[in-house]
Amino acid sequence: MPKGSATSRLVGPTGHVYAFEPGGNNLPKLAERCSVHIVIFTTIATENHLCADPLFARLSEYATVRFVRYSDSQVNYRQAMEAHYAREDVPYSDHSLAFYYERNCKFALMSCAHYVALAAGRATDAFVSCQVADTLLNDGALTLMAARLAGGVDAVLINCIQIDSEVLRPSLDHTCRRDDGVLQISSDDCARILVEHLPEYNFADSGELPRMRLRICWRVGADGILMHGNHYHPIGLRPKAFAHPLHLTIDPIDSRFIDRSSLEMDRIHLVQDASIVGLSLEDSLPEQLEHGGGPLPIADVALWLWGYWGRLRAVFFRSPLRFGPVSSREEWARVEAAASAVVDAIVDQAARFEESHQVEKSWRL
């Protein structure tokens, strides 16, 4: 499409520069076909830190960069929540009420940034990519996302995968940092990183139970991973095409947004390979583990899935996501068949939870 046309803009609110690093085939290639606007919602201290970085300054060669400042009182919500609600217990939880109110504050700040971007995208018929801090996208991801949105879909969804930052940062600096300071990570690099560094609790046979069951994985040979994900992030959206209003809610632009939107599957591109990969660098992955272990508990995972149940949740969870070479087709077929049986059992149990819940709703408006 010609640069500057109505559908060739990309607006993106983000809190970090990783996703838009000025090198390789991401931002420079995207800027050749799109008028790129990056809006960063953050504090003035972070703004000053970013602007002092020569690498960040290079973003302006390819995009218009703007800041929207959150005040210190808006981002320092944890101390206030602890002071008022730390002694309030929550049934069936080890956390106090302060923990959940802190999450609400965080999501409200994220949602504000995301919905401002969606409103701008709807007004100008722009593509919108809602990024979050410390997330990496593979080389070429932005241009492929824009191509998909220009080619007849209104949403591009990825399963953004959490990786231990203490492990991954040194590895990236050693293997993917160019001489000019830019990180350049290919799709093959992402697949390799997942094979080498994906936390074991993600795998069905690990015996470790994560608190947040965002995916279940199986190894395919020595260099392949099959994944079934519960949580898909809309990495690219065309809000002008939505048939529903964009009212601000506490939910940021995540998988729940898609469930509650007017989008149908024929207008959604669900990424099921390494063509677009999002890696989220996390500092506290050990906290994800629950005590105990053992075989994968079908009913327990189904209960988690049902907690986020929506009209598309089963479709997303059943869709396989493949990383690594597929040269051994027999091995892939064997693992996929075994995984499909597990996933079907989880989805069927979650559907029964939902059916039982609906029966208990005796009230009617």
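This briefing covers the fold, a three-stranded sheet, one helix and one buried serine.

The model is predicted. Mean pLDDT for the protein chain is 86, and 88% of its residues reach 70 or more. Two stretches fall below 50: residues 1-9 and residues 14-23. The chain comes to 13 helices and 15 strands.

**Confidence**
- Residues 1-9 have pLDDT below 50, yet the model gives this stretch 27 contacts beyond near neighbours in sequence.
- Residues 14-23 also stay under 50, with 46 contacts beyond four places in sequence.

**Overall fold**
- The protein chain has 365 residues, and 46% of them are buried.
- Of the contacts between residues at least 6 apart in sequence, 78% join residues at least 24 apart.
- The exposed area is about 17600 Å². Carbon and sulfur atoms supply 53% of that area.

**The three-stranded sheet**
- Strands 5, 13 and 7 form an open sheet in the order 5-13-7, and the pairing is mixed.
- Strand 5 (135-137) and strand 7 (161-164) are the edges. Each has a single partner strand, so one side of each is left without a neighbour in the sheet.
- From one strand to the next, the twist averages 35°.
- Strand 7 and strand 13 (residues 278-282) run parallel, joined by 4 bridges.
- I161 stands opposite L279 of strand 13.
- In general, strands of a sheet pair through backbone hydrogen bonds, either parallel or antiparallel.

**Helix 9**
- Helix 9 spans residues 187-197. Its buried residues are D189, C190, A191, I193, L194 and V195.
- These buried residues pack against two strands already met in the sheet, strand 7 and strand 13.
- Their other packing partners are helix 8 (165-175), strand 9 (215-220), strand 10 (224-229) and strand 15 (320-323).
- An α-helix has 3.6 residues a turn, so residues three or four places apart point the same way.

**S165**
- S165 is found in helix 8, one of the elements that the buried residues of helix 9 pack against.
- S165 is buried because its relative accessible area is 2%, and buried means under 20%.
- The S165 side chain makes a polar contact with the side chain of D283, at 2.4 Å.
- Beyond four places in sequence, S165 is in contact with P170, L281, E282 and D283. Strand 13 covers residues 278-282, and the S165 contacts include L281 and E282.

Conventions: Residues numbered from 1 in each chain as written. Predicted model: local features only at pLDDT ≥ 70, side-chain atom pairs only at ≥ 80, totals over all residues. Heavy atoms only, no water. pLDDT = per-residue confidence, 0-100. Contact = heavy atoms within 4.5 Å. Pairing = 2+ DSSP bridges. Axes fitted to C-alpha atoms, helices over the stretch in contact; angles between N-to-C directions. Buried < 20%, exposed > 50% of the residue type's maximum accessible area, 1.4 Å probe, protein only. Areas by Shrake-Rupley, 256 points an atom, 1.4 Å probe, with all protein chains shown as cover. Polar contact = N/O pair within 3.5 Å; in protein donor to acceptor, adjacent residues only side chain to side chain.
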